[in-house]
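The following exercises concern salt bridges and annotated positions, and each task is followed by a solution that goes step by step. Please study the sequence and the structure before reading on.

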Amino acid sequence: MSNKLILFCIVALTFACLALAYEPAPIQDFCVSDPNSSVKLNGVACKNPTQVKAEDFFFSGLHLKGNTSNAVGSRVTPVFAAQLPGLNTLGISMVRIDYAPWGINPPHTHPRATEILTVLEGTLQVGFVTSNPDNRFISKVLQKGDVFVFPVGLVHFQRNVGHGNAVVIAALSSQNPGAITIANTVFGSNPPIPSDILAKAFQVDSSVVAQIQAKF
């Protein structure tokens, strides 16, 4: 019995030490990304701190209107770690989104981030869908100054329902939030998802799927 007790104490102490050794918060002031590094990490390797400059923490351009002359009538201007190296490991980023009248930011998800959005100009319909099995559609029309949050991983969208252009600024809880646009992913994958699978999933004829895939 005493031997089992000693073994249990050793195992418990080992796990306690491992828990104390884990540090979820940053353990240095910053980790400016070094895209030229050959080191492969879950993220980007850090630049030598002695080579860091003020420009590594600076981005200019969110005052510029995005070009919305495209099929969906919107343009996202990102400020992620790729554009602002000082964001690396800090778990935050932002975007500017411009919308032409009736332009949309199509249904998409951010696999690594919650998004909080505020309207600077215009009127937007926004919404997201909860996960299975409920698949509740939660939507609201936003005016200038309104704020809305999209929980991490859920499919969401925005649509300009005003008579003029619309602009928002959004913050995301990752320096690299990722984006999965539903239509592009499902119908524009490379190589394509077999049309018979999509036809069965969407309960449509395979010829309809082929026509949609051809647009991507």
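At 56% relative accessibility, Lys-144 counts as exposed, where exposed means over 50% relative accessible area, buried under 20% and partly exposed in between (1.4 Å probe, protein chains only). The model is a predicted one, in which local features need pLDDT of at least 70 and side-chain atom pairs count only at pLDDT 80 or more, while totals for chains, interfaces and linings use all residues. Residues are numbered from 1 along each chain as its sequence is written, and side-chain values use heavy atoms, with hydrogens and water left out.

**Exercise 1.** Determine which residue pairs with Lys-144 in a salt bridge, and which parts of the chain the pair ties together.

*Solution.* Begin with the criterion: a salt bridge is a side-chain nitrogen of Lys or Arg within 4 Å of a carboxyl oxygen of Asp or Glu. The side chain of Lys-144 meets that of Glu-121 in such a bridge, at 3.4 Å from N to O. Next, locate the partners: Glu-121 belongs to strand S4 (residues 115–121) and Lys-144 to the loop between strand S6 (137–142) and strand S7 (147–150), so the bridge joins parts that are 23 residues apart in sequence; strands here are DSSP runs (E, at least two residues), numbered from the N terminus. Finally, Glu-121 is partly exposed, its relative accessible area being 40%.

**Exercise 2.** State how many salt bridges the rule gives, and decide whether the partners Asp-56 and Lys-47 are buried or exposed.

*Solution.* The count comes to 3 salt bridges. One of them links Asp-56 with Lys-47 at 3.1 Å, N to O, and both of these residues are buried. Another links Asp-98 with Arg-96, whose closest N and O atoms are 2.8 Å apart, and here too Asp-98 and Arg-96 are buried.

**Exercise 3.** Describe the surroundings of Asn-105 and His-110, which carry a UniProt annotation.

*Solution.* The unreviewed UniProt entry annotates Asn-105, His-110 and Glu-115 as "binding site", although such annotations may be inferred rather than shown by experiment. Asn-105 lies in strand S3 (residues 104–109) and is buried at 9% relative accessible area. His-110 is placed in the loop between S3 and S4 and is likewise buried, at 9% relative accessibility. Leaving aside neighbours within four places in sequence, the contacts of His-110 (heavy atoms within 4.5 Å) include Glu-115, Val-152 and His-156, whereas those of Asn-105 include Ser-74, Tyr-99 and Phe-157.

Notes: Helix = DSSP H or I, 4+ residues; strand = E, 2+ residues; numbered from the N terminus.
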